[in-house]
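Let's take a walk through this model together, one helix at a time. Keep the viewer open and click along as you read.

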Amino acid sequence: MATKAKKNPRLASGRKRARQNVKLNAANTSLRSKYRTVVKNVEKAVLAGDKVKATELFAKAQSVIDSIADKGIFHKNKAARDKSRLSAKVKALATAA
């Protein structure tokens with residue numbers, strides 16, 4: 001991903017803010033990636049038809065999704081919507097078996 005070079009801020013507070021932004025961006029990117037991985041793992045288990053594994057992964061996914069919503073990386077409504085959709089998939093798997 002190519003980003004254009006940014007100007008160096010003149011003020012000390014601006015330079016500090018730029019340093020903080022780099023750290024925060026890295027942390028947020030990492031958490032967003034973790035979120036996507038967790039959701040993908042649950043969906044893979046559902047597609048494979050592994051009811052036990054899907055249920056287990058969904059329980060872990062809920063805590064990850066909630067923590068990311070609490071940190072403000074995703075909106076709480078998005079987190080609730082995604083948990084609801086994952087839950088429906090896991091329940092459908094349970095009733096199909």
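A good place to start is the inside face of helix H1, where Leu-31, Tyr-35, Val-38, Val-39, Val-42, Ala-45 and Val-46 are buried. Bear in mind as you look that this is a predicted model. What do those side chains pack against? The buried residues of H1 pack against two partners, helix H2 (51-70) and helix H3 (76-96).

Now look at H1 end to end. This helix runs over residues 12-48, which is 37 residues. At 1.5 Å a residue it should span 54 Å, and because its end C-alpha atoms are indeed 54 Å apart, expectation and model agree. Step just past the end of H1 and you'll meet Gly-49, which takes a positive phi of about 80°.

Not every part of H1 is tucked away. Take Thr-37, which also belongs to helix H1: its relative accessibility is 36%, so it counts as partly exposed. Asn-25 is another residue in helix H1, and with a relative accessible area of 48% it is partly exposed as well. The cut-off for exposed is over 50%, and Ala-48, at 64% relative accessibility, therefore counts as exposed. Ala-48 has its place in helix H1 too.

A few distances help you get your bearings here. Thr-37 and Asn-25 are 12 residues apart in sequence, and their C-alpha atoms are 18 Å apart in space. Asn-25 and Ile-68 are 43 residues apart along the chain, with 14 Å between their C-alpha atoms. For Ala-48 and Lys-83, 35 residues apart along the chain, the C-alpha separation is 19 Å.

Next, turn to the other two helices. How do the axes of H2 and H3 cross? They come within 10 Å and cross at roughly 175°. Angles over 145 degrees count as roughly antiparallel, so H2 is roughly antiparallel to H3. On the H2 side, the contact is made by Lys-51, Ala-54, Thr-55, Phe-58, Gln-62, Ile-65, Asp-66, Ala-69 and Asp-70. H3 answers with Lys-76, Ala-79, Lys-83, Leu-86, Ser-87, Val-90, Leu-93 and Ala-94.

Between H2 and H3 there is a loop, and Lys-71 sits in it. Is Lys-71 buried or exposed? Its relative accessible area is 55%, so it counts as exposed. Lys-71 and Lys-4 are 67 residues apart in sequence, and C-alpha to C-alpha they are 28 Å apart.

Finally, have a look at the rings. What sits over the ring of Phe-74? That would be the charged end of Lys-78, 4.9 Å from the ring centre. As for rings paired with rings, searching the whole structure turns up one aromatic pair. If you want to describe such a pair yourself, the things to note are the distance of the centres and the angle of the planes.

Conventions. Residues numbered from 1 in each chain as written. Predicted model: local features only at pLDDT ≥ 70, side-chain atom pairs only at ≥ 80, totals over all residues. Heavy atoms only, no water. Helix = DSSP H or I, 4+ residues; strand = E, 2+ residues; numbered from the N terminus. Expected span 1.5 Å × (residues − 1). Buried < 20%, exposed > 50% of the residue type's maximum accessible area, 1.4 Å probe, protein only. Contact = heavy atoms within 4.5 Å. Phe/Tyr/Trp six-rings, centres within 6.5 Å; stacked < 30°, edge-to-face > 60°. Lys NZ or Arg CZ within 6 Å of the ring centre and 35° of its normal. Axes fitted to C-alpha atoms, helices over the stretch in contact; angles between N-to-C directions. Parallel < 35°, antiparallel > 145°, perpendicular 65-115°, else oblique.
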